[in-house]
Amino acid sequence: TDLEAVELLWTVPSTAVDALAPLCWLLSPQGIQTEDVASLGAAGLVAGQTRIHLFVDPAEAQAAALRLQAQAAALGLDTTLDQRDLARQDWNAEWKKHFVPIEVAGRVRVEPSWLQGPDTPGLIRIAIDPGMAFGTGTHETTQLCMTALCDLADQARSRGVDLGQRTLLDAGTGSAILAILAHRLGWRGVV
């Protein structure tokens with residue numbers, strides 16, 4: 001079938017979200033999404049409302065909708081329930097359309113293999129294909145650490161320190177982007 005899932009859009013009083021969360025997670029164990037009037041693109045909501053998005057198997061959509069409506073009735077809640085079919089998609093191809101390379105500190109460019117740019121003098125290029133791990137360079141803390149590594153390398157060189165004789169430990173748990181950068185900056189003992 002070309003139908004991957006059914007998205008149930010349940011608009012509920014914001015004060016009831018915590019009480020409804022266990023049922024939502026039970027029906028949509030791969031994840032739920034919530035939005036309120038402060039969320040971008042949250043059309044049709046008013047103050048005091050939250051829309052919960054649940055993603056259910058098409059064969060279970062009707063039963064899931066009935067359970068949500070029964071729970072709302074049992075709690076005396078005024079809710080609305082809409083649904084839309086989600087066609088099967090190649091999600092890996094979809095998110096790639098929106099991923100862009102980033103530059104950090106004017107010295108480092110982190111790019112996926114499918115978007116590698118030309119060599120630029122003075123620019124360290126790191127190819128990382130994003131996946132389930134941290135370390136694509138987009139998070140602020142990663143960018144701060146990358147900037148700090150560039151600054152440390154500059155300071156060491158200005159003092160005549162041979163980074164090739166130094167060891168650096170990347171204690172992260174992702175793609176080793178900081179270790180790769182450290183090696184490219186001159187550290188040879190990178191763990």
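**Salt bridges, sheet and helix packing in the predicted model**

With a relative accessibility of 67%, Asp 119 counts as exposed. The cut-off for that class is over 50%, and the model from which the value comes is a predicted one. Asp 119 is a good place to begin, as its contacts lead straight into a group of charged side chains. Asp 119 forms a salt bridge with Arg 125, and the closest N and O atoms of this pair are 2.4 Å apart. The partner falls in the opposite class: Arg 125 has a relative accessibility of 17% and therefore counts as buried, the limit for buried being under 20%. The salt bridge thus links an exposed residue to a buried one.

Arg 125 also takes part in a salt bridge with Glu 111, with an N to O distance of 2.7 Å. Glu 111 belongs to strand β6 (residues 108-111) and Arg 125 to strand β7 (residues 124-127), so this pair ties together parts that are 14 residues apart in sequence. Here both partners, Glu 111 and Arg 125, are buried. How far do these links extend? Through salt bridges that share partners, Arg 109, Glu 111, Asp 119 and Arg 125 are joined into one network.

The wider surroundings of Arg 125 fit into this picture. When neighbours within four places in sequence are left aside, the contacts of Arg 125 are Arg 109, Glu 111, Gln 116, Gly 117, Pro 118, Asp 119 and Arg 184. Arg 107 lies 18 residues away from Arg 125 along the chain, and the C-alpha atoms of the two are separated by 8.6 Å.

Six salt bridges are found in the structure. One of them connects Arg 51 with Glu 35, at a distance of 2.8 Å between the closest N and O atoms. Arg 51 sits in strand β3 and Glu 35 in strand β2, so the pair ties together parts that are 16 residues apart in sequence. Both of these residues are buried. The two are also matched in the backbone pairing, where Arg 51 in β3 is the bridge partner of Glu 35. Glu 35 and Arg 51 are therefore linked both as bridge partners and through a salt bridge between strands β2 and β3.

This pair leads on to the sheet itself. Strand β2 and strand β3 (residues 49-56) run antiparallel and are joined by four bridges. They are part of an open sheet of four strands, arranged in the order β2-β3-β1-β4 with antiparallel pairing. Which strands stand at the edges? These are β2 (32-35) and β4 (80-87); each has a single partner strand, so one side of each is left without a neighbour in the sheet. From one strand to the next, the twist averages 20°.

Two helices lie against this sheet. Helix α1 lies across β1 (3-13), β2 and β3, and runs at about 10° to β3. Helix α2 packs on the sheet as well, touching β1, β3 and β4, and its direction makes about 10° with that of β1. Both helices thus touch β1 and β3, while β2 is listed for α1 and β4 for α2.

The helices also meet each other. The axes of α1 (residues 17-27) and α2 (residues 61-74) come within 11 Å and cross at roughly 175°. Angles over 145 degrees count as roughly antiparallel, and α1 and α2 are therefore roughly antiparallel to each other. In this contact, α1 contributes Leu 20, Leu 23, Leu 26 and Leu 27, whereas α2 contributes Ala 64, Arg 67, Leu 68 and Gln 71. Sorted by class, the contact comprises six nonpolar residues, one polar residue and one charged residue.

Finally, two alanines have backbone angles worth a look. Ala 105 has a positive phi of about 55° although it is not a glycine. Ala 105 is placed in the loop between β5 (102-104) and β6. Its relative accessibility is 47%, so Ala 105 counts as partly exposed. Ala 176, likewise not a glycine, has a positive phi of about 70°. The loop that holds Ala 176 lies between β8 (167-168) and α5 (177-185). At 34% relative accessibility, Ala 176 counts as partly exposed.

Conventions
Residues are numbered from 1 along each chain as its sequence is written. This is a predicted model: local features need pLDDT of at least 70, side-chain atom pairs count only at pLDDT 80 or more; totals for chains, interfaces and linings use all residues. Side-chain values use heavy atoms; hydrogens and water are left out. Axes are lines fitted to C-alpha atoms, for helices over the stretch in contact, and angles run from 0 to 180 degrees between N-to-C directions. Angles under 35 degrees count as roughly parallel, over 145 as roughly antiparallel, 65 to 115 as roughly perpendicular and the rest as oblique. Contact means heavy atoms within 4.5 Å. Ala, Val, Leu, Ile, Met, Phe, Trp, Tyr, Cys and Pro count as nonpolar, Asp, Glu, Lys and Arg as charged, and the others, Gly among them, as polar. Two strands pair if DSSP finds at least two bridges between them. A salt bridge is a side-chain nitrogen of Lys or Arg within 4 Å of a carboxyl oxygen of Asp or Glu. Buried means under 20% relative accessible area, exposed over 50%, partly exposed in between (1.4 Å probe, protein chains only).
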